[in-house]
Amino acid sequence: MSNQSLPNFEKGINGLLPVIAQDSVNGRVLMFAWMNRQAFDETVKSKVATYYSRSRQSFWKKGETSGHVQHVVRIEIDCDADCILLHVEQVGAACHEGYRSCFFRTLQADEFAISESQVVDPNSVYKS
């Protein structure tokens, strides 16, 4: 790949670029995360979404704990090459709270309400 066709991690925050994971079948936004160059390279190589956790200061391959893997179908970058869009086949829940998407709350009147059902009990997936 030429440098023009790669995400520009120098434009990111501390070398991190925002990533949107979207369901490749229905277009639903599943989650938002961050990637640095190493996470991007691993994602391209393995075809499994790999992110960088700012709180843990480490890589995480989506589904390594839960089994709820994101198989990458297509990768796109925006016009400024500073935002990444992953089209994925989501296995199970994308959200650590057990929902298909991390965006499961919808503004109704003046408050956010849960607008979908959990697909998995997070306590059965994430053991402390």
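**Note on a predicted model**

1. Phe 32 is a useful residue to begin with, and with a relative accessible area of 43% it is partly exposed, since that value falls in the range between the 20% limit for buried and the 50% limit for exposed residues. Please keep in mind throughout that the model discussed here is a predicted one.

2. A search of the whole structure turns up 5 aromatic pairs. In one of them, Phe 32 is paired with Trp 34 in an edge-to-face arrangement, the ring centres being 5.4 Å apart and the planes meeting at 80 degrees. The partner, Trp 34, has a relative accessible area of 14% and is therefore buried, so this pair joins a partly exposed residue to a buried one.

3. Tyr 52 and Phe 59 make up another edge-to-face aromatic pair, with 5.7 Å from centre to centre and 85 degrees between the planes. Which member of this pair is buried, and which is partly exposed? Tyr 52, at 15% relative accessibility, counts as buried, because the limit for that class is 20%, whereas Phe 59, with a relative accessible area of 37%, is partly exposed.

4. Turning to the overall fold, the protein chain contains 2 helices and 8 strands, and when it is read from the N terminus its elements follow the order β-β-α-β-β-β-β-β-β-α. The radius of gyration is 15 Å, close to the 14 Å that the globule rule gives for 128 residues, so the chain is as compact as a globular protein of that length. Along the principal axes, the C-alpha atoms occupy a box of roughly 45 × 35 × 30 Å.

5. How much of the protein chain counts as buried? Of its 128 residues, 39% fall into that class. The area that the chain exposes is about 7700 Å², and 50% of it is supplied by carbon and sulfur atoms. Among contacts with a separation of 6 or more, 40% are between residues that stand 24 or more positions apart. As for charge, the mean position of the 13 positive charges and that of the 15 negative charges lie 6 Å apart.

6. Asp 82 sits in the loop between strand 5 (70-77) and strand 6 (84-90), and at 24% relative accessibility it counts as partly exposed. Once its neighbours within four places in sequence are left aside, Asp 82 is in contact with Lys 11, Leu 17 and Pro 18. Although Asp 82 and Glu 10 are 72 residues apart along the chain, their C-alpha atoms are separated by 8.6 Å.

7. Two loop residues deserve a look at their backbone angles. Gln 57, in the loop between strand 3 (50-53) and strand 4 (58-61), has a phi near 55 degrees, which is a positive value in a residue other than glycine. Its relative accessibility of 56% places Gln 57 in the exposed class, because that class begins over 50%.

8. Ala 109 belongs to the loop between strand 7 (105-108) and strand 8 (111-114). What is the sign of phi at Ala 109? The angle is near 60 degrees and thus positive, again in a residue other than glycine, and at 81% relative accessibility Ala 109 counts as exposed.

Methods
Residues numbered from 1 in each chain as written. Predicted model: local features only at pLDDT ≥ 70, side-chain atom pairs only at ≥ 80, totals over all residues. Heavy atoms only, no water. Helix = DSSP H or I, 4+ residues; strand = E, 2+ residues; numbered from the N terminus. Rg over C-alpha atoms; globule rule 2.2 N^0.38 Å. Buried < 20%, exposed > 50% of the residue type's maximum accessible area, 1.4 Å probe, protein only. Contact = heavy atoms within 4.5 Å. Areas by Shrake-Rupley, 256 points an atom, 1.4 Å probe, with all protein chains shown as cover. Lys, Arg positive; Asp, Glu negative; His and termini not counted. Charge placed at Lys NZ, Arg CZ, Asp CG, Glu CD. Phe/Tyr/Trp six-rings, centres within 6.5 Å; stacked < 30°, edge-to-face > 60°.
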